[in-house]
Amino acid sequence: MRNRRKNKRKGFRSLFGILGASILLYGLYLFEGNLLEDARASEREQQLQEDEKQDLEDTSKLKVNQKKVLEKITFLGFFLGNQLGDWKQETTNFPLQTALTEEEKERCKQHITELEQSLEDRIKTTAFVGNSMIESLQEHNRGSKAKFICYKGLSVKSAKKKEWLKLNNSRKGTVLDVLKEDSYTDIFMMFGINELGWRSLELFRDYYVELIEEVKKLQPDAKIYILSIFPVTQKTSEVDKTFNNDNVKIFNDMVIEAAQKAEVEYLDIASELFGEGNPLPADGAISDGIHLKKDYCQIWYETLLEKLSAQ
C-alpha cells in the first residue's frame, strides 16, 4: 500500500512538474511574443516617423519648385507683355493730355518709318479724304506715299460739288473726280468740323451718307473708314459758340449714324488719342485751338498706320 501511495505521489509530482514546465514555457512564449510585437511596433512607429519626415521634405521641395516655376512664369509673362506693348509704352502715354517729351517724339518718328517700310505697297493705295484736318496730317507727314485728297473748308456737301482739287491732267475737280483717277484699297474720311455751324444735324448726316455711297460706287473694293471729329481745346470750347466740345459730341453722334447707315467702319480716333470726352490738349493745338500741331499729327498718322497694319 505504501509503495502504491509513493508511486501515486511520484506520478502527481511528475504531472505537476510537466504542467509547471508547460506553463513556464508558455509564459516565456508570450513574453517573447510581446517583446517581438513591441519591437515591431517600435519599428513601425520609427518607419512612420521617417515617412512623415520624408513627406515633409518632399512637400517642402515641391513648394520650392512650385515657387520657382511661378517666378519663371511671372517673369516670362512680364517680359512678353513688355515686348508686345513695347513701342506703345515707349512712344506715347495715352490718352494724350501732357506735353510730349523729345524722346517720345523721336520714337514716334522711328515707328512711323518702320510702319511705312512694312506697309509700303499698302500705303501707296491708301487715300485720306477730308478738310483742313487732313491737310494738317499731310503737311506734317510729307514723306508719306499715301494720297491726300483734301482742301481747307471742305464739307460733306462741297466735296461733291466744289472743283477745288487738282487732277492728274492739271485741271480742277471735286473729291469724287480725284477718286476716279486711281484705285485704292483703303480710304480714311474725315468731315464735320466745318459743319458744326449747320442748323440741321439730320442734313449733315444724310449728306455724309450720300458722299460715302458715292465713294463706295467709285471704289467698290476699298475698305472705308470714317473718322470721328476731333475735340477742340478747353479754352476754345469755353468761348466759341460754334467750335465747342458740346457741339463736337452732338455732331459725332451723327457721324456714327452716317457710318452705320452706309455700313462702313467708324473709328473713334479722337477718344483713342485724347481719351473719351476729353478736350484737345492745349500743347497739342495751334493758336486756333482746333488744328493739331506737328507732333500730334505724327502720332495721329502713326495710329492710322497701325489700323492698316492690323488688317
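## From the largest pocket to the nonpolar core

Helix α10 supplies the largest share of the lining of the largest pocket, namely seven residues. The model under discussion is a predicted one, and the pocket is a convenient place at which to enter it. In total, 18 residues line this pocket, and those nearest its centre are Lys 249, Asn 252, Ser 271, Glu 276 and Gly 277. Two elements give two or more residues to the lining, α10, which spans residues 245-262, and α11, which spans residues 269-274. The space that lies within the pocket is about 400 Å³. Sorted by class, the lining consists of seven nonpolar, six polar and five charged residues.

Stepping back to the whole chain, the protein contains twelve helices and seven strands. Of its 311 residues, 37% are buried, and the accessible surface comes to about 19,400 Å², with 51% of that area belonging to carbon and sulfur atoms. Among contacts with a separation of 6 or more, 67% join residues that are 24 or more positions apart.

The interior can be approached through its nonpolar residues. In soluble globular proteins, nonpolar side chains tend to be buried together. Here the largest nonpolar core has 73 residues, and the members that touch the most other members are Ile 187, Met 189, Tyr 208, Phe 230 and Trp 300. Helix α12, covering residues 294-310, contributes the largest share of this core, with eight residues. Which residues does Trp 300 touch, once those up to four places away in sequence are set aside? Its partners are Met 133, Ile 134 and Leu 137, then Met 190, Leu 227 and Phe 230, and finally Ile 269, Leu 273 and Leu 292.

A second view of the interior is offered by Ile 212, which lies in helix α8, residues 201-218. Ile 212 counts as buried because its relative accessibility is 0%, which is under the 20% that marks the limit for a buried residue. Leaving out residues up to four places away in sequence, Ile 212 touches Met 189, Ile 224, Ile 226, Ala 258, Ala 262 and Val 264. The C-alpha atoms of Ile 212 and Val 156 are 9.2 Å apart in space, although the two residues are 56 residues apart in sequence.

Two threonines extend the picture of buried positions, one in a strand and one in a loop. Thr 126 is placed in strand β1, residues 126-130, and with a relative accessibility of 0% it counts as buried. Apart from residues up to four places away in sequence, the contacts of Thr 126 are with Ala 146, Lys 147, Tyr 184, Thr 185, Asp 186, Phe 188 and Leu 308. One of these partners, Thr 185, is 59 residues from Thr 126 in sequence, while the C-alpha to C-alpha distance between them is 6.0 Å.

Thr 174, by contrast, lies in the loop between β4 (172-173) and α7 (175-179). Is this loop residue buried or exposed? Thr 174 counts as buried, since its relative accessibility is 6%. With residues up to four places away in sequence again left out, Thr 174 touches Ala 159, Lys 160, Lys 161, Lys 162, Glu 163 and Leu 165.

Other positions have more solvent-accessible values. Glu 139 belongs to helix α5, residues 132-139, and counts as partly exposed because its relative accessibility is 40%, a value between the limits of 20% and 50%. Glu 139 and Gln 298 are 159 residues apart in sequence, yet their C-alpha atoms are 9.9 Å apart in space.

Finally, two loop residues deserve attention for their backbone angles. Ser 170, in the loop between β3 (165-166) and β4, has a positive phi of about 75° although it is not a glycine. At 54% relative accessibility Ser 170 counts as exposed, the threshold for that class being over 50%. Glu 263 is likewise not a glycine and has a positive phi, in this case of about 60°. The loop that holds Glu 263 runs between α10 and β7 (265-267), and a relative accessibility of 70% is why Glu 263 counts as exposed. With α10 the reader is back at the helix that gives the largest pocket seven of its lining residues.

Conventions:
Residues are numbered from 1 along each chain as its sequence is written. This is a predicted model: local features need pLDDT of at least 70, side-chain atom pairs count only at pLDDT 80 or more; totals for chains, interfaces and linings use all residues. Side-chain values use heavy atoms; hydrogens and water are left out. On a 1 Å grid over the protein atoms alone, a cavity is a set of points where a 1.4 Å probe fits but cannot get out, and a pocket is an open set with protein on both sides within 12 Å along at least five of seven lines; lining residues have an atom within 4 Å of a point. Grid points are joined across faces, edges and corners, and a volume is the space filled by probe spheres set on the points. Helices (H or I, at least four residues) and strands (E, at least two) are DSSP runs, numbered from the N terminus. Ala, Val, Leu, Ile, Met, Phe, Trp, Tyr, Cys and Pro count as nonpolar, Asp, Glu, Lys and Arg as charged, and the others, Gly among them, as polar. Buried means under 20% relative accessible area, exposed over 50%, partly exposed in between (1.4 Å probe, protein chains only). Contact means heavy atoms within 4.5 Å. Accessible areas come from the Shrake-Rupley method with a 1.4 Å probe; for residues, only the protein chains shown count as cover. A nonpolar core is a set of buried Ala, Val, Leu, Ile, Met, Phe, Trp, Tyr and Cys residues joined through side-chain atoms within 4.5 Å.
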